[in-house]
Amino acid sequence: MHILFAGGGTAGHINPALAVAGYIKEKHPDAVISYIGTPDKLEAVLVPEKGYDFRTIEVSGFQRKISKENLKKNVSAFKKMFTSSFEAKKILKELKPDVVVGTGGYVSGPVLRDAVKLGIKTAIHEQNAFPGVTTKMLAKNVDEVMLAMPQAKSYLKLKKEPTVTGNPVRSELLNITKQQARKKLGFDNRPMILSFGGSLGARHINEALEGLIKWHNGTDKFYHIHGTGKVGFNAMNEHLDEKGVKLSKNVKVREYIDDMDICMAAADLVICRAGAITLSELCACGKPAILIPSPYVAENHQYHNAMTLKNCGAAEVIEEKDLTEEKLIEVVSGIIENKPKLEKMSNAAYKNAILDANERIYEVIMKLYTNA
């Protein structure tokens, strides 16, 4: 059995593919896993680290904002439309995979299109509530469409009913209880806030969090762990010093949260962006959230993701344009000490959790393999 994955650009496209690939290898140690990505994005690092056969094609997306620089980029992207298809077809003919699975990003477009033309069984997995351009283009042509969130169906033209699979969730997040996590952190039963904006950080989130930390620091009412990201760590500490905030022992400001499984399990309220995988993890852990969608992503898809949890009662949403320290304090103060509300939000999150996403995706792939 030979399964080929195609996807890249961001961890949200790459990690689901790697999770499913690992699941396939557990069940079928002799299975061959290949991966097509781009040579200069994150997949070029993450995929070889897992030991999978990694091939590359040159492809890029079109820039929508009009400028001289973007015009040059669009001319280059137009040329790559043709060369990437040639490269993808060449690799497909060489590898002869049984099934090709696309997980998003521009690179999956030419690979899936040419796999369809060559008669290879194909599937795509869409992680977001609002599908990306590539998924919209391919949905009506591939053999199977898998959706992490059922809301995505209404935006797609489909030739058959999609399968709702959820997003794969890291197993370590499910293997620790709240009590165990709090013991590891040395925390008692006081409420805990966990906040982060991503590995690089998010300036607007960090600035709002400075006000939130100043608001409750020293009261000892809450525990709080905040991840600034690489870019914001020094700046945030400098700003807190300027404001005369000396962090109490209950407040931890870190550059990066490298024990997310423990921190997530211990938390009562999470403040973060609204990436698809993050939201799946929040649901799997049953965590109430205040979501601040990134406005800088394609088609504002994080806003659509966030609203799926807002609409079911699992989260509050603050758009970045409305984010101030006063607004954040107002929303946090209305949740963090309200145990009935926290419990209601937690239950709503759990109800939206899909814990067997790997198995559901695997079953779709195996159905295609059996009929290949």
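Which cysteine sulfur is closest to the sulfur of C283, and why is there no bond between the two? In this predicted model, the closest cysteine sulfur to that of C283 is in C312, at 6.4 Å, which is too far for a bond. A disulfide is a covalent bond between the sulfur atoms of two cysteines. The cut-off applied here is 2.5 Å between the sulfur atoms, and by this rule the count of disulfides comes to zero. C263 gives a similar result: its sulfur lies 12 Å from the closest cysteine sulfur, which belongs to C285, and this is too far for a bond. Both cysteines are covered by protein. C283 counts as buried at 4% relative accessibility, and C263 is buried with a relative accessible area of 0%.

C283 and C285 are among the buried residues of helix α10, which spans residues 276–285. Of the 10 residues in this helix, nine are buried, so the helix is mostly covered, given that buried means under 20% relative accessible area. Along with the two cysteines, the buried set consists of A276, I277, L279, S280, E281, L282 and A284. The cover over these residues comes from several elements, including the helices α1 (11–27), α9 (260–266), α11 (301–311) and α13 (339–351). Strands β11 (269–272) and β12 (289–291) also contribute to this cover. Just after α10, G286 takes a positive phi of about 65°.

Residue N305 is found in helix α11, one of the elements that cover α10. N305 is buried, with a relative accessible area of 0%. Its contacts include A276 and L279, both of which are buried residues of α10. N305 also touches N128, A129, F130, M149, A274 and G275, leaving aside residues up to four places away in sequence. With A129 there is a polar contact as well: the side chain of N305 reaches the backbone nitrogen of A129 at 2.8 Å.

The strands form open sheets. Strands of a sheet pair through backbone hydrogen bonds, either parallel or antiparallel. One open sheet has six strands in the order β10-β9-β8-β11-β12-β13, and its pairing is parallel. The edges of this sheet are β10 (251–254) and β13 (315–317); each has a single partner strand, so one side of each is left without a neighbour in the sheet. From one strand to the next, the twist averages 15°. Within this sheet, β11 and β12 run parallel and are joined by three bridges. C272 stands opposite L291 in β12.

A further open sheet has seven strands, ordered β3-β2-β1-β4-β5-β6-β7, also with parallel pairing. Its edge strands are β3 (53–56) and β7 (163–164), each of which pairs on one side only. Strands β4 (residues 99–102) and β5 (residues 121–126) run parallel and are joined by four bridges. V101 stands opposite A123 in β5.

Two helices lie across strands of the seven-strand sheet. Helix α1 lies across β1 (2–6) and β2 (32–37), and runs at about 170° to β2. Helix α14 (residues 357–370) lies across β1, β4, β5, β6 (144–147) and β7, running at about 180° to β6. α14 has 14 residues, and the distance from its first C-alpha to its last is 20 Å, close to the 20 Å expected at 1.5 Å a residue. The buried residues of α14 are A357, N358, I361, Y362, V364, I365, M366 and L368. These buried residues pack against α1 as well as against β1, β4, β5, β6 and β7.

Two further helix residues illustrate opposite degrees of exposure. D114 is placed in helix α4 (residues 108–117) and counts as buried at 1% relative accessibility. Not counting residues up to four places away in sequence, D114 touches S85, A88, K89 and L92. K184, by contrast, is exposed, with a relative accessible area of 61%; its place is in helix α6 (residues 178–185). Under the condition of not counting residues up to four places away in sequence, K184 touches I176 and I262. K184 and E343 are 159 residues apart in sequence, and their C-alpha atoms are 23 Å apart in space.

Conventions:
Residues numbered from 1 in each chain as written. Predicted model: local features only at pLDDT ≥ 70, side-chain atom pairs only at ≥ 80, totals over all residues. Heavy atoms only, no water. Buried < 20%, exposed > 50% of the residue type's maximum accessible area, 1.4 Å probe, protein only. Contact = heavy atoms within 4.5 Å. Pairing = 2+ DSSP bridges. Axes fitted to C-alpha atoms, helices over the stretch in contact; angles between N-to-C directions. Polar contact = N/O pair within 3.5 Å; in protein donor to acceptor, adjacent residues only side chain to side chain. Expected span 1.5 Å × (residues − 1).
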